[in-house]
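Reader: Please take one part of this model and go through it closely, with the cut-offs spelled out. I would like to start with a charged pair and work outward from there.

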Amino acid sequence: MVLVARREDALNEVAERVRELGGKADVVICDVAIRHNALDCVDRAESLLGGIDVAVINAGVGRHRMLVEHDLDDAEALLKTNVFGALYFAHALAPKMLARKSGFLVFMASVAGLLPVPGEAVYSASKFAIVGLAEALSIELEPHVHVLTVCPGAVRTDFVKEDEMDRMPEAARRTAIDADEVARATFEALRDGKTRVVVPAKLGVAVALRGVAPGLVRSGTARELAPILNRSKGTPTEE
């Protein structure tokens, strides 16, 4: 496999773990938000692997900030990484996979791309974009290339910055899952030929409910996030 990210030290740690388990791993340093870096990365990975069978498009950043709190440069950088980074890789990989008439593209989206989340509007917008891109591609590229959209809820990683932990809803912190669970669900979904998987599965109930009762989901979301949004606005809340 080829491991791609900006942090060389973290990549080398993962690569070493792969090798200890008997696998082969190469490391490519890349900022996916920079077009030529992303395209060069795909070419480099193709050369190392002799062809890419499965590509997991997973790079992403997030901020728990309301739009009015967001620095515009920061918001733009988030969109470049989350949306344009995925676009660059998909655009480079799809023709190669179509030419071979085989391949799997996995887009790591989020439940925030299926259920709009106030308090992280820019992040949610980026993930809605990924869901739209991936699900359209799943039709454009079939039957030769299979596309899977993965929509996890909160995952226990260092993704959320320490100074934003109090912005996460209590329910999200309480129901957070491990990265291993997301990985397992992803490969099971690939095995079963699914085009979308929500992890944990119980969050799929809320997604389905939004389709039939959007007003109910909207009001429930507002209630759940009211304490966080009020703190952000400087509004006192009842204990």
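Author: R196 and E135 form a salt bridge, with 2.8 Å between the closest N and O atoms; the term requires a side-chain nitrogen of Lys or Arg within 4 Å of a carboxyl oxygen of Asp or Glu. R196 belongs to strand β6 (residues 196-199) and E135 to helix α4, so the bridge ties together parts that lie 61 residues apart in sequence. Helices (H or I, at least four residues) and strands (E, at least two) are DSSP runs, numbered from the N terminus. The model is a predicted one, in which local features need pLDDT of at least 70 and side-chain atom pairs count only at pLDDT 80 or more, while totals for chains, interfaces and linings use all residues. Residues are numbered from 1 along each chain as its sequence is written, and side-chain values use heavy atoms, with hydrogens and water left out.

Both partners are partly exposed: R196 has a relative accessibility of 34%, and E135 has a relative accessible area of 26%. The classes are buried under 20%, exposed over 50% and partly exposed in between, using a 1.4 Å probe and protein chains only.

The helix that holds E135 deserves its own description. α4 has 20 residues and spans 28 Å from first C-alpha to last, close to the expected 28 Å at 1.5 Å a residue; that expectation is 1.5 Å times one less than the number of residues. Its buried residues are V122, Y123, S124, S126, K127, I130, V131, A134, L137 and S138. These pack against α3, β4 and β5, where contact means heavy atoms within 4.5 Å. An α-helix has 3.6 residues a turn, so residues three or four places apart point the same way.

That packing leads to the interior. The largest nonpolar core has 36 residues, and those with the most contacts inside it are F89, L93, L105, F107, L141, V147 and C151. Such a core is a set of buried Ala, Val, Leu, Ile, Met, Phe, Trp, Tyr and Cys residues joined through side-chain atoms within 4.5 Å. Two or more residues each come from α2 (35-49), β3 (54-57), α3, β4 (104-108), α4 (121-140) and β5 (146-152). The biggest contribution is that of α3, with eight residues. F107 shows how these elements meet: beyond its neighbours within four places in sequence, F107 is in contact with I57, A86, A90, I130, L133, A134, L137, V147, L148, T149 and V150. Another core lies apart from this one; among its eleven residues are L148, I177, A185 and L190.

α3 itself (residues 72-100) has 29 residues and reaches 41 Å between its end C-alpha atoms, close to the 42 Å expected. A kink of about 30 degrees is centred on F84; the bend at a residue is the angle between axes fitted to the seven residues ending there and the seven starting there. At the start of α3, a side-chain oxygen of D71 comes within 3.0 Å of the backbone nitrogen of D73. Just past the other end, K101 has a positive phi of about 60 degrees.

There are eight salt bridges in the count. In one of them, D74 pairs with R63, the closest N and O atoms being 3.0 Å apart. D74 is in helix α3 and R63 in the loop between β3 and α3, eleven residues away. D74 is partly exposed at 27% relative accessibility, whereas R63 is buried at 17%.

D178 and R156 make a further salt bridge, at 3.0 Å from N to O. D178 sits in the loop between α5 (170-174) and α6 (179-192) and R156 in the loop between β5 and α5, so this pair joins parts 22 residues apart in sequence. Their C-alpha atoms are separated by 5.3 Å. D178, at 40% relative accessibility, is partly exposed, and R156 is partly exposed too, at 48%. Leaving out residues up to four places away in sequence, D178 touches V155 and R156.

A last charged residue is E46, in helix α2. E46 is buried, with a relative accessible area of 14%. Not counting residues up to four places away in sequence, E46 touches G51, I52, K96 and R100.

Notes: Polar contact = N/O pair within 3.5 Å; in protein donor to acceptor, adjacent residues only side chain to side chain.
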